[in-house]
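Colleague: I would like a close look at a single part of this model. Please take one strand, then follow its neighbours and the contacts around it.

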Amino acid sequence: APIGDYTASLRLDRPPEERPPTIAVASFSVIEFRRAEFEVRVQAEERRAAGEPVHATVSAAFLFGGAMSGARVDWGLNVTPRVLRGTGQYAGYSFNDIDPYQSSTAQTSKRLTGSGGTDASGTFRFTVPTEQVPTSSAQDYTVSATVLDQNGQALSSSTVVAVYPADILVGLRPADYVGFSGLPSTVKLV
């Protein structure tokens, strides 16, 4: 499509007297591709225990090698549930605390945002707290950042930090998935 602004609308294929007005409308712009002039990286710890803060570092550098000093940085944090699955020698073990009678905070998502600017070395650092959650669920903290250069070009990057309910996790694996009343059941523990 040629460069410009467009509007698309969705209507039913019926006579005008039988059809409702437009069902949906969407507007969009077609712009000329612009090659990136810089790169953005977000780094943070791979894993944390709940209660330990996440320390994030945003680095912005021009592709020709210079640091992007004084660039605007908008950062965001999105917290979502993390399902723990045992792999390798831990296949079949459950590391999740599931209580069907307790409402789960794992269904909710938390979002934080902030902004700042890069220093002389093209770096911006920020810290976000992690929280103890009542369900003892692990969570993914997705840390993202968008850097805006002096020409208005924006580039983003993100990383995921696994936040566990404790430093040590307990895994359980039943020998059999069906138990019988009055008979012992074996559960392996790691």
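Modeller: Along strand S3 the side chains alternate between two faces: Phe 38, Val 40 and Val 42 point to one face and are buried, while Glu 39, Arg 41 and Gln 43 point to the other and are not. Here buried means under 20% relative accessible area, exposed means over 50%, and partly exposed is in between, with a 1.4 Å probe and protein chains only. Strands, such as S3, are DSSP runs of E with at least two residues, helices are runs of H or I with at least four, and both are numbered from the N terminus.

A word on the source: this is a predicted model, in which local features need pLDDT of at least 70 and side-chain atom pairs count only at pLDDT 80 or more, while totals for chains, interfaces and linings use all residues. Residues are numbered from 1 along each chain as its sequence is written, and side-chain values use heavy atoms, with hydrogens and water left out.

Now the sheet. S3 belongs to an open sheet of three strands in the order S3-S5-S8, with antiparallel pairing. Strand S3 (38-43) and strand S8 (123-128) are the edge strands, each pairing on one side only. From one strand to the next the twist averages 15°; axes for such angles are lines fitted to C-alpha atoms, for helices over the stretch in contact, and the angles run from 0 to 180 degrees between N-to-C directions. Two strands pair if DSSP finds at least two bridges between them. S3 and strand S5 (residues 54-62) run antiparallel and are joined by six bridges. Within this pairing, Glu 39 stands opposite Ala 61 in S5, and Val 42 stands opposite Val 58 in S5.

At the other edge, strand S8 contains Thr 123. Thr 123 has a relative accessible area of 11% and is therefore buried. Its side chain makes a polar contact with the side chain of Ser 121 at 3.2 Å. A polar contact is a pair of N or O atoms within 3.5 Å; within protein, one must be able to donate a hydrogen and the other to accept it, and residues adjacent in sequence count only if both atoms are side-chain atoms.

Back on S3, consider charge. Side chains of opposite charge can pair when their charged atoms come close. Arg 41 forms a salt bridge with Glu 39, with the closest N and O atoms 3.7 Å apart. The term means a side-chain nitrogen of Lys or Arg within 4 Å of a carboxyl oxygen of Asp or Glu. Arg 41 is partly exposed because its relative accessible area is 48%, and Glu 39 counts as partly exposed at 34%.

The structure holds five salt bridges. Another of them joins the side chains of Glu 52 and Arg 48 (3.8 Å, N to O), and Glu 52 is partly exposed at 28% relative accessibility. The side chains of Asp 74 and Arg 72 also meet in a salt bridge, at 2.9 Å from N to O. Asp 74 is partly exposed at 31%, as is Arg 72 at 44%. Salt bridges that share partners also join Glu 45, Arg 48 and Glu 52 into one network.

Last, the loop between strand S4 (47-49) and S5 holds Ala 50. Ala 50 counts as buried because its relative accessibility is 10%. The C-alpha atoms of Ala 50 and Thr 130 are separated by 5.5 Å, although these residues are 80 residues apart along the chain.
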